[in-house]
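I opened this notebook to record what I looked up in the model, going from sheets to helices and then to the pocket.

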Amino acid sequence: MSDASMGTLYVVATPIGNLEDLSARAIRLLGEVALIAAEDTRHSARLLRHLGLSVPMLSLHEHNELARVDQLAERLAAGSDIALISDAGTPLISDPGFVLVRELRQRGHRIVPVPGPCALVAALSAGGLPTDRFLFSGFLPAKGSARRACLEALAEHAETLVFYESPHRILATLKDLSTTLGNRDLVLGRELTKTFETFLEGTAAQLLARMEEDPDQARGEFVIMVAGVPKAATMDCASVEADTLLGALLAEEVGIKQAAAVASRVLGGSKKTWYARAQTLKDAQRD
């Protein structure tokens with residue numbers, strides 16, 4: 001339990017573009033706290049000037065976050081309220097803050113969320129892809145080999161996949177998406193809530209071609225949303241249909257590799273997964 005005499009850390013969401021999205025509660029709290037821990041104080045100073053606020057700020061970013069914990073804990077222990085903000089959107093969502101919140105919570109300090117703008121949620125709300133289940137992976141690795149490996153590891157997920165991406169890597173990422181995930185439905189949310197907000201739909205290859213024709217479409221910050229593996233391709237390996245098909249193929253002395261390829265074409269899913277199932281059935285037949 002937190003001590004009522006101690007201050008509170010408010011985790012405050014700030015606009016991702018449109019300043020009108022900042023809530024009245026957020027504005028009030030930013031004006032009331034004793035200190036604002038900001039990812040980039042110079043960037044956040046512009047927001048405070050727009051709001052007509054003059055509040056002391058302290059930088060808190062990925063390189064100094066752990067070192068700031070004791071300093072901020074002391075301020076909270078002394079009764080000062082603090083606001084944590086990032087450059088844009090909700091702190092901790094692909095932004096600094098997790099280490100601070102974890103450490104302060106373990107020490108018994110009170111942490112209060114002040115919800116608001118978040119590029120992830122904004123994109124999903126208007127993207128048109130399933131939102132009942134989604135997997136958010138933040139920014140993909142910068143290096144191509146690591147990026148492709150990451151995408152391959154996610155290829156069999158049925159959830160909508162969501163990533164953030166920067167303008168200088170969007171073309172390379174679309175190429176890798178096309179290579180690893182094929183012709184999945186894909187939606188790009190670009191420059192969300194800003195003047196040139198755009199949603200682009202199509203396969204990765206189609207969107208890549210569009211950007212190569214119109215370089216302006218490759219400008220800005222992106223939220224990439226990719227449809228999960230189609231339901232027809234998400235197999236239940238214990239299903240009668242799957243085992244019956246594989247069993248029939250193996251009974252005709254079709255090789256495991258060929259049986260997996262046929263199952264993949266007929267029922268969907270990856271050859272690798274079907275290969276493992278066929279191998280299991282083959283082993284069972286031998287016993």
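Before the helices I note how their angles are to be read: axes are lines fitted to C-alpha atoms, for helices over the stretch in contact, and angles run from 0 to 180 degrees between N-to-C directions. I also keep in mind that this is a predicted model.

**Entry 1: the parallel sheet**

With that convention I looked up helix α4, residues 98–106, and found that it lies across β1 (8–12), β4 and β5, running at about 155° to β1. I then asked which strands make up the sheet with parallel pairing, and in what order. It is an open sheet of five strands, and the order reads β3-β2-β4-β1-β5. At its edges I found β3 (57–59) and β5 (110–114), each of which pairs on one side only. Neighbouring strands of this sheet are turned against each other by 25° on average, with direction ignored.

I followed one pair in detail: strand β2, residues 35–38, and strand β4, residues 82–85, are joined in the parallel sense over four bridges, and Leu84 in β4 is the bridge partner of Ala37. Helix α2 packs on this sheet, where it touches β2, β3 and β4, and its direction makes about 150° with that of β3.

**Entry 2: inside α4 and just after it**

Returning to α4, I checked which of its residues are buried, and noted Leu100, Val101, Glu103 and Leu104; I record that Glu103 is on this list as well. The elements that cover the buried residues of α4 include β1, α3 (65–77), β4 and β5. Just after α4, Gly108 takes a positive phi of about 90°.

Gly108 turned up again when I looked at Met6, which is found in the segment before β1. Leaving aside its neighbours within four places in sequence, Met6 is in contact with Leu76, Ala77, Gly79, Gly108 and His109. I also looked up the separation between the C-alpha atoms of Met6 and Glu74, which is 9.6 Å, although the two residues are 68 residues apart along the chain.

**Entry 3: the mixed sheet**

The other sheet I looked up is an open one of five strands with mixed pairing, in the order β6-β7-β10-β8-β9. Why is one side of β6 and of β9 left without a neighbour in the sheet? β6 (134–139) and β9 (198–202) stand at the edges and each has a single partner strand, so one side of each lacks a neighbour there. The twist averages 15° from one strand to the next.

Going through the pairs, I found that β6 and β7 pair in the parallel sense over four bridges, with Phe134 standing opposite Thr160 in β7. β7 and β10 run antiparallel and are joined by five bridges, and Phe163 has Ile224 in β10 as its bridge partner. Strand β8, residues 186–190, pairs with β10 in the antiparallel sense, again over five bridges, and here Leu188 stands opposite Ile224.

How much of β10 is buried? The strand is mostly covered, with five of its five residues buried. Phe222, Ile224 and Val226 point one way from β10 whereas Val223 and Met225 point the other way, and all are buried. Helix α7, residues 170–181, lies across β7, β8 and β10, and it runs at about 5° to β10.

**Entry 4: the largest pocket**

I then looked up the largest pocket, whose volume is about 970 Å³. It is lined by 37 residues, and those closest to its centre are Glu39, Asp87, Ala88, Asp95 and Glu221. The elements that give two or more residues to the lining are α2 (41–51), β7 (160–165) and β10 (222–226), and the largest share, five residues, comes from α2. By type, the lining residues divide into 15 nonpolar, twelve polar and ten charged.

**Entry 5: Lys257**

My last look-up was Lys257, which is found in helix α10, residues 256–267. Is Lys257 buried or exposed? Its relative accessibility is 64%, so it counts as exposed, the cut-off for that being over 50%. The C-alpha atoms of Lys257 and Ala278 are separated by 8.4 Å, with the two residues 21 residues apart along the chain.

Key
Residues numbered from 1 in each chain as written. Predicted model: local features only at pLDDT ≥ 70, side-chain atom pairs only at ≥ 80, totals over all residues. Heavy atoms only, no water. 1 Å grid on protein atoms, 1.4 Å probe; cavity = no way out; pocket = protein on both sides within 12 Å on 5 of 7 lines; lining within 4 Å. Points joined across faces, edges and corners; volume = space filled by probe spheres on them. Nonpolar A, V, L, I, M, F, W, Y, C, P; charged D, E, K, R; others polar. Pairing = 2+ DSSP bridges. Contact = heavy atoms within 4.5 Å. Buried < 20%, exposed > 50% of the residue type's maximum accessible area, 1.4 Å probe, protein only.
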